[in-house]
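Here are my notes on this model, as numbered points. Please read them with the structure open.

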Amino acid sequence: MITFVKHHWFGLILSLFMLAYLLVFVLVLLSPRYDAQKRGFIPCTEAMAERLIDCNNSAWCMLKTIAENSWCDARVVGSGFKNWLQDKQETPWANYLFEPEQTAPDEENEMDEGLREFYAQTPDVEASMRNLRRLNRELEEKIKESEEKEIKEYEQQKQQ
């Protein structure tokens, strides 16, 4: 047994880290995504989303932001375990696996009003995007044709 540990210590340690990461990943997947009080992993996810917007498609920035989010999620799990040991909550997972509290009906109607207005103006967003792409291609072709025409006219004037 000791020789096995001596030969495979690095793989064992790496496996433990990967198992811990996988466990946190599954907990985040199972936790509620919408809550009026923004409990659990929700603040971590919102902060990650804000930072990802600022990354400007930089791979290193995105990787760093995702790693920071993983540490934030691990802190949420750790705080749940700590609160459970201190008898502040019934179970170690009570702070991230809970029944989400819905927003008040007035708040939902206010939020949905903007969405209703948007969808009333653009009922089929996908069709609108396809139409915009088609119009963009047509415009690019027209510009290309007009540039070629101008080049030919310029060359003809140059020859005269």
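1. Start with the second largest pocket of this predicted model. Its lining consists of Phe17, Ala20, Tyr21, Leu23, Val24, Leu63, Ile66, Ala67, Ser70, Trp71, Ala74 and Val77. A pocket here is an open set of points on a 1 Å grid over the protein atoms alone, where a 1.4 Å probe fits, with protein on both sides within 12 Å along at least five of seven lines; lining residues have an atom within 4 Å of a point. Helix H1 (2–30) and H3 each give two or more residues to this lining. H3 supplies the largest share, seven residues. Helices are DSSP runs (H or I, at least four residues), numbered from the N terminus.

2. What is the character of the lining of the second largest pocket: nonpolar, polar or charged? Eleven residues are nonpolar, one is polar and none is charged. Ala, Val, Leu, Ile, Met, Phe, Trp, Tyr, Cys and Pro count as nonpolar, Asp, Glu, Lys and Arg as charged, and the others, Gly among them, as polar. The space in this pocket is about 310 Å³.

3. Trp71 belongs to helix H3. Trp71 is exposed, at 61% relative accessibility. The cut-offs are under 20% relative accessible area for buried, over 50% for exposed and partly exposed in between (1.4 Å probe, protein chains only). Trp71 and Cys44 lie 27 residues apart in sequence, yet 9.2 Å apart in space, C-alpha to C-alpha.

4. The whole structure holds three aromatic pairs. One of them joins Trp9 and Phe10: the ring centres are 5.9 Å apart and the planes stand at 85°, so this pair is edge-to-face. Rings of Phe, Tyr and Trp (its six-membered ring) pair if their centres lie within 6.5 Å; planes under 30 degrees apart are stacked, over 60 edge-to-face, the rest tilted. Phe10 is exposed, at 54% relative accessible area.

5. Phe41 and Tyr96 also pair, with centres 5.2 Å apart and planes at 40°, so they count as tilted. This pair links distant parts of the chain, 55 residues apart: Phe41 is in the loop between H1 and helix H2 (42–53), Tyr96 in the loop between H3 and H4. Phe41 is buried at 2%, and Tyr96 is buried at 5%.

6. On confidence: the protein chain averages a pLDDT (the predictor's confidence in each residue, from 0 to 100) of 86, and 94% of the residues score at least 70. Helix H4 (residues 105–121) has the lowest mean, 65, and helix H3 (residues 59–85) the highest, 93. Where pLDDT is low, the predicted coordinates should not be read in detail.

7. Conventions. Residues are numbered from 1 along each chain as its sequence is written, and side-chain values use heavy atoms, without hydrogens and water. Local features need pLDDT of at least 70 and side-chain atom pairs 80 or more, while totals for chains, interfaces and linings use all residues.

Technical notes: Grid points are joined across faces, edges and corners, and a volume is the space filled by probe spheres set on the points.
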